[in-house]
Amino acid sequence: MAAERMAEGLGTTPPARPLDAVDRAILRILRTDGRASIRAVAEQVHVSRANAYARINRLVEDGVIRGFSARIDHERAGQGASAYITLKIVQNSWRTVREELQALPGATHIALVSGDFDVLLLVHAPDNRALRELVLTRIQAIPEVLSTRTLLVFEETELGHGRTNRPTDLG
């Protein structure tokens, strides 16, 4: 609840607490298996269940863990066409554009970036026809969008999932 209020700008974000080796190990485990039980986490990081429970709750309350979700195979879920779409937008229109993009079907990641374009958007669609419609009729219809470029994804690999022995992996 507090994290939601802060995300909406209704409170100030407290300073981040430093993460120790146990916190980082917990993050690696949960990133690999978000359904891992408290008991399994505690055993793997060699702390009591109460300690693991308290640490996970603190990581959630501090906003380090933003939620738990399933990793989806988009192709098997009927979303066989994927693309990164770059957008150039009107200066100072990020919040408006972000709201519009969040409402798009299949949008899974939106980032405000620096460089030759302003926004990077990852979308998944049933097929190329649906992807084309999304770009041409929905995204390009947003008044603050000046231009787009679509980069089709031929193959993708998620990193950081299923690997638990990388000392530099923070989660």
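## The sheet

In this predicted model, four strands form an open sheet in the order β2-β3-β1-β4, and their pairing is antiparallel. Its edges are formed by β2, residues 107–112, and β4, residues 145–153, each of which pairs on one side only. Between neighbouring strands of the sheet the average turn is 20°, with direction ignored.

Helix α5, which spans residues 94–102, packs on this sheet and touches β1 (81–89), β2 and β3, while its direction makes about 170° with that of β2.

## Strand pairings

Strands of a sheet pair through backbone hydrogen bonds, in either a parallel or an antiparallel sense. The edge strand β2 is joined to β3, residues 119–125, in the antiparallel sense over 5 bridges, and here Leu112 has Val119 of β3 as its bridge partner.

On β1, the pairing with β3 is antiparallel and extends over 7 bridges, with Ile85 matched to Leu121 in β3. The pairing of β1 with β4 is likewise antiparallel and comprises 8 bridges; in this pairing, Lys88 stands opposite Ser147 of β4. Because 7 of the 9 residues of β1 are buried, this strand is largely enclosed by the rest of the structure.

## Helix α6 and its buried face

Helix α6 covers residues 128–139, and its buried residues are Leu131, Leu134, Val135 and Ile139. Viewed down the axis of α6, these buried residues fall within an arc of 90°, so they line one face of the helix. An α-helix has 3.6 residues a turn, so residues three or four places apart point the same way.

The partners of this face come from both strands and a helix: the buried residues of α6 pack against β1, β3 and β4, and also against α5.

## The contact of α2 with α4

Two packed helices are described by the angle between their axes together with the distance between those axes. For helix α2 (residues 21–32) and helix α4 (residues 49–61), the axes come within 11 Å and cross at roughly 80°. Since angles of 65 to 115 degrees count as roughly perpendicular, α2 and α4 are therefore roughly perpendicular to each other.

On the α2 side, the residues that meet α4 are Val22, Asp23, Ile26, Leu27 and Leu30, and on the α4 side they are Arg55, Ile56, Arg58 and Leu59. Classified by residue type, the contact of α2 with α4 has 6 nonpolar and 3 charged residues, and no polar ones.

Terms used:
Residues numbered from 1 in each chain as written. Predicted model: local features only at pLDDT ≥ 70, side-chain atom pairs only at ≥ 80, totals over all residues. Heavy atoms only, no water. Pairing = 2+ DSSP bridges. Helix = DSSP H or I, 4+ residues; strand = E, 2+ residues; numbered from the N terminus. Axes fitted to C-alpha atoms, helices over the stretch in contact; angles between N-to-C directions. Contact = heavy atoms within 4.5 Å. Parallel < 35°, antiparallel > 145°, perpendicular 65-115°, else oblique. Nonpolar A, V, L, I, M, F, W, Y, C, P; charged D, E, K, R; others polar. Buried < 20%, exposed > 50% of the residue type's maximum accessible area, 1.4 Å probe, protein only. Arc of directions from axis to C-beta.
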